Amino acid sequence: MDTFVDSSWYWLRYLDPHNPSTICDPKKSTAALPVDTYVGGVEHSILHLLYARFVGKFLLRSGLVRGAAFEAMRGEPFKQLVAQGMVQGRTFRCPDTKRYLRPEELDFSKEASPIVKTSGKPAEVSFEKMSKSKFNGVEPSKVLATHGVDATRLYMLYKAAPADELTWDETGIVGMERWLQRCWRLVQGVAPPDLDSDESPRVSDEKTLKSLLISVNTTIEEVTRSLSTTRGFHVAIAALMQLTTALERPEVARQLSRADRRDCLVAVLVRLAAPMAPCAASELWQRLWADGAQPVPDLFAPGSWPTVTPVEAASRDVLTCVVMVRTYCRQYL
């Protein structure tokens, strides 16, 4: 049978993989089904997804799987489909034979226009779905060793929306590395043991703090909506970068106490970044509470996600509008 058919019931078996007597304990399937989201490429929509839906309906009608929610959906195993776009790699072809070329067959002295070594002619360059036969794949371990897992993940989330094609360009990861370094500098500026140093006022300027809390609230709303509803991960990262820029302004350090900058501003930034950059966020979080004066709060504890803080009087003197074109942020108004 087709391999897509063979794996079309894994969504159920994952709930009870070691059960020797039945496909799944009815209590477990009742509690967990249907699956919230099915993530797969375009080809899954007509192959694996189709077979999985057939198996779900068959199991329900056969009485092998029960559950009020599962029955209400008439055996549909998945609530929604997210068909993610393909990752496209830089691809080279011989201008004469149209044969796909290996990187070692090219002279990259001119990066923008690689030359075919055997003919001396410029290669045809395009972005196509990564494939071994096209010699345009990327070795993940090498990328991670060079840039780190968090910077690489952030780049992939920021480069394109989940449903869009992602054109791979490793040079873009540097931008994410720089942002993480900016976050580290912010944390260093408010981390112990210098919370009570003379560089910052002991009492914050109320107007400045209020203005920044409004920015923090806006970022919390944007990131929360992007991660939980729209899946606009690139929008969430852009909002975090915008908040980082606001916290870097010189007047922030001059007019706010270190304690307020840490507890009300930087700590929120780190928490919001944690789902997309967990390793870096964990390091930053430990540094924030390095004085040992209190136990380090659990960064990933249930219920620890930041919530909007009420701010008195006019919520916003200026409202920023984001202009999006085909899921990409093009302009702030």
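Reader: Which residues do ring pairs link with W11 into a cluster?

Author: This is a predicted model, so take the rings as modelled. Ring pairs tie W11 into a cluster, and the other members are Y38, F70 and F78.

Reader: And how many aromatic pairs does the count come to?

Author: Rings of Phe, Tyr and Trp pair if their centres lie within 6.5 Å. By that rule, the number of aromatic pairs is 7.

Reader: How do Y155 and W168 pair up: stacked or edge-to-face?

Author: Their ring centres sit 5.3 Å apart, with 85 degrees between the planes. Planes over 60 degrees apart count as edge-to-face, so Y155 and W168 are edge-to-face.

Reader: Where in the chain do Y155 and W168 come from, and how many residues apart are they?

Author: Y155 belongs to helix α7, while W168 lies in the loop between β7 and α8. Both residues are buried. The pair links distant parts of the chain, and the separation is 13 residues.

Reader: Why is the pair of W285 and W289 edge-to-face?

Author: The two ring centres are 5.6 Å apart. W285 and W289 are both buried. The pair counts as edge-to-face because the planes stand at 65 degrees.

Reader: What about empty space: which helix gives the largest share of the lining of the largest cavity?

Author: That cavity has a volume of about 70 Å³. At least two lining residues come from each of α8, α12 and α13. The largest share is 4 residues, and it comes from α8.

Reader: Is that lining polar or nonpolar?

Author: W179, L269 and A280 are among the lining residues. With no polar and no charged residues, and 11 of the other class, the lining is nonpolar.

Notes:
Residues are numbered from 1 along each chain as its sequence is written. This is a predicted model: local features need pLDDT of at least 70, side-chain atom pairs count only at pLDDT 80 or more; totals for chains, interfaces and linings use all residues. Side-chain values use heavy atoms; hydrogens and water are left out. Rings of Phe, Tyr and Trp (its six-membered ring) pair if their centres lie within 6.5 Å; planes under 30 degrees apart count as stacked, over 60 as edge-to-face and the rest as tilted. Buried means under 20% relative accessible area, exposed over 50%, partly exposed in between (1.4 Å probe, protein chains only). On a 1 Å grid over the protein atoms alone, a cavity is a set of points where a 1.4 Å probe fits but cannot get out, and a pocket is an open set with protein on both sides within 12 Å along at least five of seven lines; lining residues have an atom within 4 Å of a point. Grid points are joined across faces, edges and corners, and a volume is the space filled by probe spheres set on the points. Ala, Val, Leu, Ile, Met, Phe, Trp, Tyr, Cys and Pro count as nonpolar, Asp, Glu, Lys and Arg as charged, and the others, Gly among them, as polar.
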